[in-house]
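This report describes how the parts of one structure are arranged and how they meet. The sequence and the model come next, and the text then goes through them part by part.

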Amino acid sequence: MTVASEHIIEVKDMVKKFGSFVANDRLTFHVYRGEIFGFLGANGAGKTTAIRILCGLSYPTSGEIRVAGHDVYHEREKIKRKIGYMSQKFSLYEDLTVSENIRLYAGIYRLNRKQINQREEQLLERLGLLPIKNRLIRDIPLGWKQKLAFSVAIFHKPDIVFLDEPTGGVDPITRRQFWEMIHDATQEGITVFVTTHYMDEAEYCDRVSIMVDGRIEALDKPAVLKKKFDSKDMNEVFLKLARN
Amino acid sequence: MSLNVNHIDKSFDLTRALKQVDFEVKDGELFGLIGPDGAGKSTLFRIMVSLLIPDSGSCTMNGYDVVSQYRDVRKIIGYMPGRFSLYMDLSVEENLAFYARVFGTTVKANYDLIKDVYQQIEPFKKRLAGRLSGGMKQKLALSCALIHRPDVLILDEPTTGVDAVSRREFWDMLKKIQGEGITIVVSTPYMDEAEMCDRVALIQKGTILDITNPLEMGDDDVPLFALRSDRGVYTHLDKIRKLEECRSAWLFGDELHVTLRSHIDASAVVSTIECWNDPSIRWTSITPSVEDRFMGLIQEEK
């Protein structure tokens, strides 16, 4: 895949402190438009803190950060309109139907009725969910839920979609189908920023960063990292970095 | 036998959560229950630990029936549920002392058993359990499940959502606990963890598909190949799938794993691939990993 050189996310010396605890310690990195960027790290390394800042949900303590061309201090509402977000824990309303969830999110992102009707139909068709569009989310299998949640997160064609452990708990085939959807999204020009604990999934990213104790300890293409740390796969790279 | 599960059925409303589930776990075995979310793992565990009554079938734990002799069962098992279930507003050491007393023992009496695990969180023993990180919560939960020196340890997805480093450490601890003679039944959605078990049961949609040594699961006769390319393998995925000879093709780390319909097809595929104008392609026959085997099995189901 060809990746443009434009920086869709630009982070310089980002610091986030909670009292005396430094959750993010001078993070500096950028994400290219259209790439799949893997944001890895152990539990408690500071990933969620950083994602919340990039999504405009929390202010950094200091640093210069621009997301989709907007500043995270003063233009948070503009950022929110240009991004999509999906987490493993919460993404769809369990007590709304498949169709209601789609229409709710589309409405929040200010799509008009005509756009909504058209895209909803396409989406249900593509995911094979037409027959169950009136079923409650709580009654459909997790794998379908995750695929739908992802589709909803990119329904408004955002510049960037943030995925926080999107594949936790699903079976290995569904996990791979999910990654094929991610690849397809990048074909439409969407930049993907993703966290995962499955190290084989780190291999599917164009570049990955690995965070340890609030700092980025490594950032490069998976192939380069494997070579640099003399490892057969990303799992080994991760263990070497995170264990020390 | 530490655990006997005999033809268990369980339904919730119209959903058949477990269908004729039947297996046994030997004394001292590390037994894995492998399957995706919604397969019925937690339902089965809740029946095994006497928290749920099956519609039909029976289950015994060291000879005690989990329905009629549930009091005896509860004394000899340690159970770590999928959801963190310790007291968030008690400190680390208070939680541990509480579980010890509930089982009529003391932390001191069994400290040697939990020492390895507990030492890693002991520096934080005054901290409230609700304020621990994910990995530390998991270690505390394991300590609490072990503190009465159970005969059988039941762990429901102890590593879900846990990073690769903590997962590795957790399994090192399980191996040590097994060395103390404790039988362990553990569920996980991670296929690499299945390899650490003596035997695994694969469960999908309430049915056990196979029970086996992890490296012998499934059909051994399916030809499996790995495709690599310096240009990235994703570009070749669609093309491979369209081949008549191809049974399945999936992303697999930096490779594609491809199964063929028969061994004879391999040479035909090689000559096709040669026409794709990618000299960096490498195509090699490989031995299936646990994940390949599991995917083969659930594909048959689908």
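Two strands count as paired if DSSP finds at least two bridges between them. In this predicted model, strand β9 (residues 207-212) and strand β10 (residues 215-220) of chain A meet that condition, with five bridges in the antiparallel sense. Val212(A) has Arg215(A) in β10(A) as its bridge partner, and Ile210(A) is matched with Ala218(A) in β10(A). The hairpin of β9(A) and β10(A) has two residues between the strands, and Asp213(A) takes a positive phi near 50° there.

**The six-stranded sheet of chain A**

The strands β9(A) and β10(A) belong to an open sheet of six strands, in the order β6-β7-β8-β3-β9-β10 (chain A). The pairing in this sheet is mixed. Strands of a sheet pair through backbone hydrogen bonds, either parallel or antiparallel. At the edges are β6 (83-87) and β10 of chain A, each of which pairs on one side only. From one strand to the next, the twist averages 15°.

Two helices that pack on this sheet are α1(A) and α6(A). Helix α1(A) touches β3 (36-41), β6, β7 (160-164), β8 (191-195) and β9 of chain A, and its direction makes about 140° with that of β3(A). Helix α6(A) touches β3, β6, β7 and β8 of chain A, at about 130° to the direction of β3(A).

**The four-stranded sheet of chain A**

Chain A also has an open sheet of four strands, in the order β2-β1-β4-β5 (chain A), with antiparallel pairing. Why do β2 (21-32) and β5 (70-71) of chain A each have one side without a neighbour in the sheet? Both stand at the edges with a single partner strand, so one side of each is left free of a neighbour.

Within this sheet, strand β1 (residues 7-18) and strand β4 (residues 62-67) of chain A run antiparallel and are joined by five bridges. Ile9(A) stands opposite Val67(A) in β4(A). Helix α1 (residues 47-54) of chain A lies across β1, β2 and β4 of chain A, and runs at about 125° to β1(A).

**Salt bridges**

Over all chains, a search of the whole structure finds 35 salt bridges. Side chains of opposite charge can pair when their charged atoms come close. Arg175(A) and Asp200(A) form one such pair, with the closest N and O atoms 3.2 Å apart. Arg175(A) lies in helix α6 (residues 172-187) of chain A and Asp200(A) in helix α7 (residues 199-202) of chain A, so the salt bridge ties together parts that are 25 residues apart in sequence.

**The domains of chain B**

Chain B is divided into domain 1 (3-216) and domain 2 (224-301). The contact between them takes 13 residues from domain 1 of chain B and seven residues from domain 2 of chain B. The C-alpha centres of the two domains of chain B lie 37 Å apart. On the side of domain 1 of chain B that touches domain 2 of chain B, at least two residues each come from α7 (191-194), β9 (199-204) and β10 (207-212) of chain B.

**Where chain B meets chain A**

The contact between the chains takes 29 residues from chain B and 30 residues from chain A. One of the salt bridges here is formed by Glu180(A) with Arg241(B), whose closest N and O atoms are 2.6 Å apart. Which elements give two or more residues to the side of chain B that touches chain A? They are α6 (164-179), α8 (234-242), β12 (246-252) and α10 (290-301) of chain B. The largest share of that side, seven residues, comes from α6(B).

The table sets out values for the contact between the domains of chain B and for the contact between the chains.

| Parts in contact | Property | Value |
|---|---|---|
| Domain 1 and domain 2 of chain B | Buried area | about 930 Å², 75% of it on carbon and sulfur atoms |
| Domain 1 and domain 2 of chain B | Salt bridges | zero salt bridges |
| Domain 1 and domain 2 of chain B | Polar contact (both at pLDDT 80 or more) | one residue pair |
| Chain B and chain A | Buried area | about 2,600 Å², 59% of it on carbon and sulfur atoms |
| Chain B and chain A | Salt bridges | four salt bridges |
| Chain B and chain A | Polar contact (both at pLDDT 80 or more) | 10 residue pairs |

Terms used. Residues numbered from 1 in each chain as written. Chains lettered and ligands numbered in written order. Predicted model: local features only at pLDDT ≥ 70, side-chain atom pairs only at ≥ 80, totals over all residues. Heavy atoms only, no water. Contact = heavy atoms within 4.5 Å. Axes fitted to C-alpha atoms, helices over the stretch in contact; angles between N-to-C directions. Domains from an automatic or database assignment. Buried area = accessible area lost by both parts, 1.4 Å probe. Salt bridge = Lys/Arg side-chain N within 4 Å of Asp/Glu carboxyl O. Polar contact = N/O pair within 3.5 Å; in protein donor to acceptor, adjacent residues only side chain to side chain.
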